[in-house]
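Student: I have a structure open and want to go through some of its helices and strands. Can we take it piece by piece?

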Amino acid sequence: DGQLQIRRSAGKLSNLEDVLSKDPVQGDFGIGHTRWATHGRPTEENAHPHRDCKNRVVVVHNGIIENYLDLKHELQQQGHRFVTETDTEIVAHLVEREMKDDGLENAVRRALLLMRGLFALVLISADDPEKIVAVRNGPPIVVGLGDREFFVASDIPAILSHTRDVVFLGDEEMAVITATGVTFTDFF
């Protein structure tokens with residue numbers, strides 16, 4: 001219905017399984033993350049995925065955004081409200097600010113021009129539904145090609161039970177995943 005559904009939990013993965021069993025998510029695609037952010041305490045508030053002010057963009061992230069404090073201050077001066085202590089949250093706010101009528105992948109490209117660091121990002125947006133954007137600048141990203149289904153992960157074991165047909169993104173590469181296929185490009 002043009003809305004993003006978010007479920008998060010602190011602690012063990014079994015805690016998230018409990019949350020999902022009590023309040024399942026609906027939809028055809030989604031993103032998730034099971035690690036803690038580099039910045040901030042291990043709380044539900046700081047758990048992935050992270051979102052923008054309008055709850056229209058969500059992101060999961062491995063790595064570090066080195067200039068996140070400068071970007072956070074700039075975004076706060078522009079009226080963005082932050083609810084976590086993480087560097088990841090600034091990505092969602094940057095993409096929110098950069099969203100135009102030219103697709104999530106182009107908003108992500110514009111946001112990437114401002115970020116310094118080594119990171120792997122996976123994003124979805126309610127304003128460009130049925131699309132997942134993954135980018136790599138350092139940490140690994142692997143895209144799995146299944147039978148009428150696609151997967152994105154940080155390593156092969158996470159998707160081996162679904163497919164053995166994989167593509168590794170190179171540094172500064174982007175994958176745009178839709179229900180009909182995957183497009184691979186450079187992100188600049």
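Student: What do the buried residues of α3 pack against?
Tutor: This is a predicted model, to begin with. In it, the buried residues of α3 pack against β1 (50-51), β2 (57-65), α2, α4 (104-112) and β3.

Student: How many of the residues of α3 are buried?
Tutor: Nine of its 10 residues are buried, so the helix is mostly covered.

Student: Which ones are they, the buried residues of α3?
Tutor: Glu-89, Ile-90, Val-91, Ala-92, His-93, Leu-94, Val-95, Glu-96 and Glu-98. Each of them has under 20% relative accessible area, the cut-off for calling a residue buried.

Student: Back to α2. At what angle do the axes of α2 and α3 cross?
Tutor: Roughly 45 degrees, and the axes come within 10 Å. Here α2 covers residues 68-77 and α3 covers residues 89-98. The two helices are therefore oblique to each other.

Student: Left-handed or right-handed crossing?
Tutor: The crossing of α2 and α3 is left-handed.

Student: Which residues make that contact?
Tutor: From α2 there are Tyr-68, Leu-71, Lys-72, Glu-74 and Leu-75. From α3 there are Ile-90, His-93, Leu-94 and Arg-97.

Student: How do the residues of that contact divide into nonpolar, polar and charged?
Tutor: Five are nonpolar, one is polar and three are charged.

Student: Changing topic to strands. What is the strand order in the open sheet of three?
Tutor: The order is β6-β5-β7, and the pairing is antiparallel. β6 (150-153) and β7 (166-168) stand at the edges with a single partner strand each, so each has one side without a neighbour in the sheet.

Student: By how much are neighbouring strands of this sheet turned against each other?
Tutor: By 20 degrees on average, with direction ignored.

Student: How many bridges are there between β5 and β6?
Tutor: Four, with β5 spanning residues 142-145 and the pair running in the antiparallel sense. Within this pair, Leu-145 of β5 stands opposite Phe-150 in β6.

Student: And on the other side, how many bridges do β5 and β7 pair over?
Tutor: Three, again antiparallel. The bridge partner of Val-142 in β7 is Phe-168.

Student: What about the hairpin of β5 and β6, how many residues are between the strands?
Tutor: Four residues lie between them, and in this hairpin Arg-148 takes a positive phi near 60 degrees.

Student: Why remark on a positive phi?
Tutor: Because most residues other than glycine have a negative phi.

Student: OK, Glu-130 then. What is its phi, and where does it lie?
Tutor: Glu-130 has a positive phi of about 65 degrees although it is not a glycine. Glu-130 sits in the loop between β3 (117-125) and β4 (132-137).

Student: Is Glu-130 buried or exposed?
Tutor: Exposed, because its relative accessible area is 57% and the cut-off for exposed is over 50%.

Student: Where is Glu-172?
Tutor: In the loop between β7 and β8 (173-178). Glu-172 has a positive phi of about 60 degrees, and it is not a glycine either.

Student: Why does Glu-172 count as partly exposed?
Tutor: Because its relative accessibility is 37%, and partly exposed is the range between 20% and 50%.

Terms used
Residues numbered from 1 in each chain as written. Predicted model: local features only at pLDDT ≥ 70, side-chain atom pairs only at ≥ 80, totals over all residues. Heavy atoms only, no water. Axes fitted to C-alpha atoms, helices over the stretch in contact; angles between N-to-C directions. Parallel < 35°, antiparallel > 145°, perpendicular 65-115°, else oblique. Left-handed = near helix turned anticlockwise from the far one by under 90°. Contact = heavy atoms within 4.5 Å. Nonpolar A, V, L, I, M, F, W, Y, C, P; charged D, E, K, R; others polar. Pairing = 2+ DSSP bridges. Buried < 20%, exposed > 50% of the residue type's maximum accessible area, 1.4 Å probe, protein only.
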